[in-house]
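Reader: I am a first-year student, and I should be grateful for a close look at a single part of this structure. Please choose the helices and explain how they are placed against their surroundings.

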Amino acid sequence: MSLDREEPNHFGAGPAQLPTPVLQQAAKDLINYNGLGLGIGEISHRSKDATKVIEDAKAHLVELLDIPDTHEVFFLQGGGTTGFSSLATNLEAAYIAKSGEVAPGGYLVTGSWSQKAYEEAHRLHVPAKVIFSTKEFSKDGKYGDIPEESEWCDRVKGNKYAYVYLCENETVHGVEWPSLPKCLVEDPNIEIVADLSSDILSRRIDVSKYGVIMAGAQKNIGLAGLTLYIVKKEILHNISAISTDKLAELHIPITPIAFDYPTVAKNNSAYNTIPIFTLHIMDLVFKHLLNKGGLIAQEEENKEKAKILYEALDSYPNFYNLPVTARARSSMNVVFTLKKEGLDEKFLKEASESKLTGLKGHRSVGGFRASIYNALTLKSVQLLVDFVKKFAEENQ
């Protein structure tokens, strides 16, 4: 069987398309890794070869994001949903160790994933509070914008929060924070906890501003089943400093050992059996990005992809509806609907015939969604642009 394939134009939100050269190398390594006579998925997770995969992945990620020495990198099994619970329990423990008191985690809800993160903390009985939900500011009660800081920052100032959580890019609703809120960045008492699953490595960021970064692999950097974490070392120290007896006394849920951040970091991501093949693919993606010119080059490409697709959709205002305000539009997940009824299935059918796949919107909102992650080339997005224009011309 050949390892060659026709380059796909798959716009699925996750699991998402990966660079073909990455998959070709991974396929070879799955059979025989580095001449060992064993595949990468068959070697011990504590062997020298596996340890090198872990260390290489960490080093390449540090290089890509310019991660400072103040932060630690590690990898955990699971995805974003696992992160919702582990973030809440770990960060609450860190705050109690630092301050000697309990405070809620604050949630900035701009879409379904940040809402789910809040709901999970609440379900676990970790103190949690919604600082704002976009729905309260919208006329239609739906997600589709991010309010100005002046409308909600007073809810942060003067209040105590164990952490403040946001999802930088909401894949379902196509909403993205263009930058971190200043009122959070400028407050030294706030630990910013961010889910970057959909936009990790799509643009340059200042890691020093974050307390914790979580990113599931299956959207922009690899296969499902593994999540990367970048955590301030001070937070790890504080979690270690609080006893489970004290947490139990305060009725704070204890983090399961496999998701206890200091334990995972201390054991170099291999406290339990890390899926090393999945991590190897992530590292191949990291190296692929570095070979492209790093995040400077990738960010410019992503800006152009988003620009031409949004311009194409905006040029047919009587045919396409874009529910997200221009200031909050995602550069990774472009969502839209058709104003004319009865054409949705035709759109998907003809798109598929043009080898443009994965465009169906999330089941909770319908419509269409084009996820233009790093692996989607400018050429692929241009093909979608051409189709969007052609379909509108023929059906309006």
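Author: The following account takes up the helices one after another and then turns to two strands.

This is a predicted model, in which local features need pLDDT of at least 70 and side-chain atom pairs count only at pLDDT 80 or more, whereas totals for chains, interfaces and linings use all residues. Residues are numbered from 1 along each chain as its sequence is written, and side-chain values use heavy atoms, with hydrogens and water left out.

Helices (H or I, at least four residues) and strands (E, at least two) are DSSP runs, numbered from the N terminus. Helix 6 spans residues 233–241, and its residues Ile235, Leu236, Asn238 and Ile239 are buried (under 20% relative accessible area, with exposed meaning over 50% and partly exposed lying in between, for a 1.4 Å probe and protein chains only). These buried residues cover an arc of only 165° around the axis, which puts them on the same side of helix 6; the arc is that of the directions from the helix axis to the C-beta atoms. The face turned away from the buried side of helix 6 carries the exposed residues His237, Ser240 and Ala241. Among the elements that cover the buried residues of helix 6 are strand 1 (71–77), helix 3 (80–99) and strand 8 (212–216), where contact means heavy atoms within 4.5 Å.

Strand 8 contains Val212, which counts as buried because its relative accessibility is 0%. Leaving aside residues up to four places away in sequence, Val212 touches Leu87, Leu91, Ile192, Val193, Ala194, Tyr229, Ile230, Val231 and Ile235.

Helix 11 (residues 344–353) has Phe347, Leu348 and Ala351 as its buried residues. Seen down the axis, they fall within an arc of 95°, so they line one face of helix 11. An α-helix has 3.6 residues a turn, so residues three or four places apart point the same way. On the face of helix 11 turned away from the buried side are the exposed residues Glu345, Lys349 and Glu353. The cover over the buried residues of helix 11 includes strand 11 (333–338) and helix 12. Just after helix 11, Lys355 takes a positive phi of about 65°.

Helix 12 (residues 378–395) also packs with helix 10, at an angle of about 5° and with the axes 9 Å apart. Axes are lines fitted to C-alpha atoms, for helices over the stretch in contact, and angles run from 0 to 180 degrees between N-to-C directions. Helix 10 is therefore roughly parallel to helix 12 (angles under 35 degrees count as roughly parallel, over 145 as roughly antiparallel, 65 to 115 as roughly perpendicular and the rest as oblique). The residues of this contact include Ile308 and Leu309 of helix 10 and Val381 and Val385 of helix 12. By class, the contact of helix 10 with helix 12 has nine nonpolar, one polar and four charged residues; Ala, Val, Leu, Ile, Met, Phe, Trp, Tyr, Cys and Pro count as nonpolar, Asp, Glu, Lys and Arg as charged, and the others, Gly among them, as polar.

Helix 10 (residues 294–314) meets helix 9 (residues 276–292) as well: their axes come within 6 Å and cross at roughly 85°. That makes helix 9 roughly perpendicular to helix 10. Leu289, Leu290 and Lys292 of helix 9 meet Gly294, Ala297, Gln298 and Glu301 of helix 10.

Finally, strand 2 (residues 105–109) is largely enclosed by the rest of the structure, because five of its five residues are buried. Strand 2 runs parallel to strand 3 (residues 128–133), and five bridges join them; two strands pair if DSSP finds at least two bridges between them.
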